Each structure stands twice: as C-alpha cells, then as structure tokens.
Amino acid sequence: MNKTNNLWGTSFSLQSLTQSLRIAVLACAAIAAHPAIAGTDKDTLRWDDRSGQWVYTLFNPADLSRSKELRYTPRTLIDPLVKSSLRWDKNLFEYRYRLRNAASARQAISSISVRAPKWDAQAFQHAPLRLEMTGPESLAVARAEMAAEEAFVAKTLYSPNQWKPFLNVKRPTRVVFGWLANYEIINNAKTMVGIAPRTAQGNFSVLRTELPGAAWMEMQGDTPDIYNAAILPRSGAVADQVAQVLAEDYVFVAVTAPPSWCPIHTTVQK
C-alpha cells in the first residue's frame, strides 16, 4: 500500500516499538514509509530560539497557495563534558567514560557512540541458512548466532542501568561502539532515560587488549520530532540548510579508546 507523507494529511505511528532500538528503527522506517518532501523555491526557514527548533514553511508543489509548517529540533542542544580514564584489568585494558551534561544544555543526552580504528577482532561469520532446513531449525540457528553476538557485546561493553550497548566490528577500517538510552513509562508516557542537563552518568566502559589511542565520541540529544528528519526536503530553497543540519547533528569530543595497531598478547610461549 502506498503512503504519502504526513505533512499533507496522513499519519504515521510506530508506537509498538520499544526501548533503545526504537530510535534507529524509527529513522529507517520513516525513510522507507515517508520519502522526503518535495521542496519548492518558495520554502523558507527560521530559527525559533524559544523552542530550540528549526521552523520550515513548506509549500505544496501542486498548489503553491497552500503551505504547512514543519519543525525539527536538532540533536545538538546538549553540552557534554567527557572524562575518559584507563586501567589495567587482569589481561585487558578497561576504558572508562563518565559524561556530564552541563546546565546550559536543553536536551538529555540519549545516544553515545565511539568511532575507533579497527580492532584485532573478527567480525561474526553467520552460517548460511540451507534450503533443507525446517522453520524451527532456521530459527534455532538465528537465535544461536544472536546469542553469540550478545555474549560478545556483554563481555566487551559495560553499561549503566537504563542504557543499551551496541557494537559493530564488521566495518573494514574502523569499529563503532556505544550506548543508547532506554525508555521508561513516566506519568503514562514514554520518556527517554538519558543524561539530563545538570546531571552526570558514569559506568560506561569497554574492555579490550589494544593499547590506548584517541578516537571521537559522538553524542546526540533526545529530540521529540525524530520522524521529521527523514521527510525534510532534499530539494528546493531550504535543501542545502537541511543537508547541513542533518550532517552536523552530533556533538564530538575526543576520548581515549582502543585502536588496533598494537594489541597486547597474553599467550605464554612455551
């Protein structure tokens, strides 16, 4: 069934999705279900400092006498201070991170990711499903592979309560790891449990054999209109500004992290 974007009359709901995966799934689903709005040369934008939002006035390409207002809250209205530390834990280095969101922030920090050089770790190799497999057999294989990945993540990344770790070692030149804040029900409404302004959170850590190096930590704030990022116009008068806002929708801080160029090997030679 074809759907049109919600700017001109239809609605979009993914209320059944829960926890931290909702952020990524929402973005992908919004892109798939709602292509970017077709822009026009009459489109305008302004910054609403009171609400901390970009306000787009977008005209209907089929009838330029009609327009609607679309708002987007950038995910950079945070003011993170990051302390990274390192300690030797038996045969591994433990890279620890403590984050504070300063009083000047207007959002809670809800997403943390670190992009580091490639680790000395093999990507998970998933066994191909065979045609002769039954449904239960295929499901058992998928569950076993998922359990193996989750076990690797669990022993590599430590997380504070209400945060979900993630790890991607499949890229050819770098590793991406981090944490996403969960949701909880407060006053019958789903609320992101992140690092609010004037608060701090520690107990983020990664255990690896590699010697310390430097990497970039990317952080994003919780935005109430994440759906709108996917449908902002990529053409017309505001297209360049939209591209810039989305490309710069992160706050970066340099941190200590495990690169791959000099791992510690603890095997004893006999």
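The exercises below work through a predicted model of one protein chain, each with a solution in steps.

**Exercise 1. Overall make-up**

Describe the secondary structure, burial and contacts of the protein chain.

Solution. Begin with the secondary structure, where the protein chain has 4 helices and 14 strands. Turn next to burial: of the 270 residues, 40% count as buried, while the accessible surface of the chain comes to about 15300 Å², with 54% of that area belonging to carbon and sulfur atoms. Finally, consider the contacts with a sequence separation of 6 or more, of which 71% are accounted for by residues 24 or more positions apart.

**Exercise 2. The five-stranded sheet**

Establish the strand order of the open sheet of 5 strands, and explain which strands stand at its edges and why one side of each is left without a neighbour.

Solution. Take the order first: the strands of this open sheet follow one another as β8-β9-β6-β13-β14, with antiparallel pairing. The edges are formed by β8 (163-168) and β14, and because each has a single partner strand, one side of each is left without a neighbour in the sheet. From one strand to the next, the twist averages 20°.

The individual pairings can then be followed along the sheet. Strand β8 is joined to β9 (residues 174-181) by 6 bridges, the two running antiparallel, and here Asn168 has Val176 in β9 as its bridge partner. Strand β6 (residues 109-117) likewise pairs with β13 (residues 213-221) in the antiparallel sense, over 6 bridges, whereas the antiparallel pairing of β13 with β14 extends over 7 bridges.

**Exercise 3. A residue between two partners**

Determine which residues stand opposite Met217 of β13 in the pairings of that strand.

Solution. Consider the pairing with β6 first, in which Val114 stands opposite Met217. In the pairing with β14, the residue opposite Met217 is Val253. Met217 therefore has a counterpart on either side, in keeping with the sheet order, in which β13 is placed between β6 and β14.

**Exercise 4. A nonpolar patch**

Identify the residues that make the nonpolar surface patch of about 330 Å², and classify the exposure of Phe252.

Solution. The patch is made by Trp216, Tyr250 and Phe252. To place Phe252, note that it lies in strand β14 (residues 251-257), which is one of the edge strands of the sheet. Its relative accessibility is 43%, and because partly exposed covers the range between 20% and 50%, Phe252 counts as partly exposed.

**Exercise 5. Positive phi and strand β12**

Locate Arg198 and Asn203, state the phi of each, and decide whether each is buried or exposed.

Solution. Recall as background that most residues other than glycine have a negative phi. Arg198 is not a glycine, yet has a positive phi of about 70°; this residue is found in the loop between β11 (189-192) and β12 (199-208), and its relative accessible area of 64% makes it exposed. Asn203, also a residue other than glycine, has a positive phi near 70°, but its place is in strand β12 itself, where at 60% relative accessibility it counts as exposed.

**Exercise 6. Arg208**

Decide whether Arg208 is buried or exposed, and relate its sequence separation from Leu157 to their distance in space.

Solution. Arg208 is found in strand β12. With a relative accessible area of 10%, Arg208 is buried, since the cut-off for that class is under 20%. Arg208 and Leu157 are 51 residues apart in sequence, while their C-alpha atoms are 9.3 Å apart in space.

Terms used: Residues are numbered from 1 along each chain as its sequence is written. This is a predicted model: local features need pLDDT of at least 70, side-chain atom pairs count only at pLDDT 80 or more; totals for chains, interfaces and linings use all residues. Side-chain values use heavy atoms; hydrogens and water are left out. Buried means under 20% relative accessible area, exposed over 50%, partly exposed in between (1.4 Å probe, protein chains only). Contact means heavy atoms within 4.5 Å. Accessible areas come from the Shrake-Rupley method with a 1.4 Å probe; for residues, only the protein chains shown count as cover. Patches are made of residues with over 30% relative accessible area and no salt bridge: like charges are joined within 9 Å, nonpolar side chains (Val, Leu, Ile, Met, Phe, Trp, Tyr) within 5 Å. A salt bridge is a side-chain nitrogen of Lys or Arg within 4 Å of a carboxyl oxygen of Asp or Glu. Two strands pair if DSSP finds at least two bridges between them. Axes are lines fitted to C-alpha atoms, for helices over the stretch in contact, and angles run from 0 to 180 degrees between N-to-C directions.
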